Amino acid sequence: MDVLTQTLLGFPLGVFTLALGLLVLYWLLVVLRLAPLELFEHDSLKGDHLASTLVALGFAGVPASVALTVLLAIAGAFTLALELLVLRWLPLGLFRIPVGVVVLWAALALASPLAAAVCHALHRWFHRHAGRRCLLGETVLVSGDCGGDDCTRATLEDDPEHEVRLHGKAGALPRAGERRVLVKYLAGEESYRSVPLNEFEEAHTRVHRLRRGRRPRRAASH
């Protein structure tokens, strides 16, 4: 028992133990209806908040709290396995801290695609039972107008039975058959602002380059 406790609370596994413990408390508050399911969601993907970061990692379509729970659970399982099979048998001493940091990064990197796949499998359930803000980042296929001058209808690409309203300006509405990404929720109108899929992907590519310290090619040429 002492070995198990020491393993769960030691570094690096203790980071995931603490984080998952806080998430368990959060989910208890959700069950008791004292906290919202979409606690981390915003009305727009603009900004560096948690929800937009998870969308950029491929977790669109489920609440950020769900994506974070799945991601940390899988990463924690990887770290636990590595701790029991390798780390606990090595005389790391002071090297446990830098080694632990590498393990944390590697566990999250390995867990991310698996967690995204799990969340993707849950999309349709959350489309019907969760809030509307968790749809931000989802790709939709424009199907036609909705009888108004400033809106069109669209269906989620991976769930054609789920329909949403897209807000736009008269004369510049999304065209039928166009693929777009939901980027902002308009609560008062229960509709979304959207951008073409290629523009969304290009914007994310530029952001990744800037975060890595790389200038866009055009800017670099000047």
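This is a short walk through one helix and several charged pairs in the structure above. Keep in mind as you look that the model is predicted.

Let's begin with helix H2, which covers residues 13-31. Helix H2 has 19 residues, and the path from its first C-alpha to its last reaches 27 Å, close to the 27 Å expected at 1.5 Å a residue. Which residues of H2 are buried? They are Leu13, Gly14, Phe16, Leu23, Tyr26 and Val30. If you turn the model, you can look for what these buried residues pack against: helix H1 (2-9), helix H4 (64-85) and helix H5 (96-121). Following H2 you will find Arg33, whose phi is positive, near 60°.

Now let's turn to charge. Side chains of opposite charge can pair when their charged atoms come close. A search of the whole structure finds nine salt bridges, and we can visit a few of them.

Start with Arg124 and Asp159, whose side chains meet in a salt bridge with an N to O distance of 3.9 Å. This pair links distant parts of the chain, since Arg124 sits in helix H6 (residues 123-129) while Asp159 belongs to strand S3 (residues 159-167), 35 residues apart. Are these two partners buried or exposed? Arg124 counts as partly exposed because its relative accessibility is 44%. Asp159, by contrast, has a relative accessibility of 0%, so Asp159 counts as buried. The pair also has company: Arg124, Arg128, Asp159 and Glu161 are linked in a network of salt bridges.

Next, find Glu190 and Arg132, which form a salt bridge with their closest N and O atoms 3.9 Å apart. Here both partners lie in loops: Glu190 in the one between strand S4 (179-186) and strand S5 (191-196), and Arg132 in the one between H6 and strand S1 (139-145). They are 58 residues apart, and this pair too links distant parts of the chain. Glu190 has 45% relative accessibility and therefore counts as partly exposed. Arg132, at 38%, counts as partly exposed as well.

Our last stop joins two strands. Glu163 forms a salt bridge with Arg153, with 3.4 Å between the closest N and O atoms. Glu163 is in strand S3 and Arg153 is in strand S2 (residues 151-156), 10 residues apart. With a relative accessibility of 45%, Glu163 counts as partly exposed, and Arg153 counts as partly exposed at 28%.

Terms used: Residues numbered from 1 in each chain as written. Predicted model: local features only at pLDDT ≥ 70, side-chain atom pairs only at ≥ 80, totals over all residues. Heavy atoms only, no water. Salt bridge = Lys/Arg side-chain N within 4 Å of Asp/Glu carboxyl O. Helix = DSSP H or I, 4+ residues; strand = E, 2+ residues; numbered from the N terminus. Buried < 20%, exposed > 50% of the residue type's maximum accessible area, 1.4 Å probe, protein only. Expected span 1.5 Å × (residues − 1). Contact = heavy atoms within 4.5 Å.
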